[in-house]
Amino acid sequence: MLPAAARLTKPQEFRLVVRRGRRIGRSRLVVHVLGPDQARDLGPHHTGEALPEAEAKTAPTRNSDVSTRVGFVVSKAVGTAVVRHRVTRRLRHLMRDLLPALPAGTLVVVRALPPAAGASSRELGADLDVALRKLRVLSPDVPATGSR
């Protein structure tokens, strides 16, 4: 289980990561990442446009002590409630093991695609590893989660 401090919970937080972060797609999932420098630098005058008040409140400030936080999106297209919860549990377990390896303050949203329903934990772990390494959030010296 992910600790409460490591979870994205508000819709505004998910929206912020998906809209402002980088993303990479794999066959079974899409990973969106907002790095600590990007999250810290977001403010009302970052791009010349003002962030909505709700998003501005969730954007970490330079003085705040922020932790790495993760959120999951598993839509009904993935399967029934039982299947969706199974996929979410697997992803949550995999990300829990990766949290210490991610830079502090990183915000991550993992969106499961329909093929994730039939994937094993090893396959999901391999997809997560490849995505996070391509996004340059996970260093090459961290062991792969797909091999655990």
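User: Before anything else, what counts as a contact here?

Analyst: It's a plain distance cut-off on heavy atoms, applied to a predicted model. Two residues are in contact when their heavy atoms come within 4.5 Å.

User: With that cut-off, what share of the contacts with a separation of 6 or more comes from residues 24 or more positions apart?

Analyst: Take the contacts in the chain with a separation of 6 or more as the pool. Residues 24 or more positions apart account for this part of it: 71%.

User: What's the order of helices and strands along the sequence?

Analyst: The chain has 5 helices and 4 strands to place. Going along the sequence, they follow the pattern α-β-β-α-α-β-α-β-α.

User: Which strands sit at the edges of the sheet?

Analyst: The sheet is open, with 4 strands in mixed pairing and the order β1-β2-β4-β3. An edge strand here pairs on one side only, and that picks out β1 (22-25) and β3 (69-74).

User: Do β2 and β4 pair in the parallel or antiparallel sense, and what about β3 and β4?

Analyst: Start with β3, which runs parallel to β4 (residues 107-112) and is joined to that strand by 6 bridges; Gly 71 has Val 109 as its bridge partner there. On the β2 side, Leu 29 is bridged to Ala 112 of β4. There are 6 bridges between β2 and β4 too, and their sense is antiparallel.

User: What handedness does the crossover from β3 to β4 have?

Analyst: We've just seen that β2 and β4 are antiparallel. The β-α-β crossover is the one that leaves β3, goes through helix α4 (residues 81-98) and arrives at β4; its hand is left-handed.

User: How many residues of β4 are buried?

Analyst: The cut-off for buried is under 20% relative accessible area. Across the chain, buried residues make up 44% of the 148 residues. β4 is mostly covered, and of its 6 residues the buried ones number 5.

User: At what angle to β2 does each of the helices α1 and α5 run?

Analyst: Helix α1 (residues 11-20) lies across β1, β2 (29-34), β3 and β4, and runs at about 95° to β2. Helix α5 (residues 121-134) lies across β1, β2 and β4. For α5, the angle to β2 is about 35°.

User: And how much of the exposed area do carbon and sulfur atoms supply?

Analyst: The chain exposes about 7900 Å². Out of that, carbon and sulfur atoms supply 53%.

How values were computed. Residues numbered from 1 in each chain as written. Predicted model: local features only at pLDDT ≥ 70, side-chain atom pairs only at ≥ 80, totals over all residues. Heavy atoms only, no water. Pairing = 2+ DSSP bridges. Helix = DSSP H or I, 4+ residues; strand = E, 2+ residues; numbered from the N terminus. Axes fitted to C-alpha atoms, helices over the stretch in contact; angles between N-to-C directions. Buried < 20%, exposed > 50% of the residue type's maximum accessible area, 1.4 Å probe, protein only. Areas by Shrake-Rupley, 256 points an atom, 1.4 Å probe, with all protein chains shown as cover. Right-handed = clockwise from strand over helix to strand, strands pointing away.
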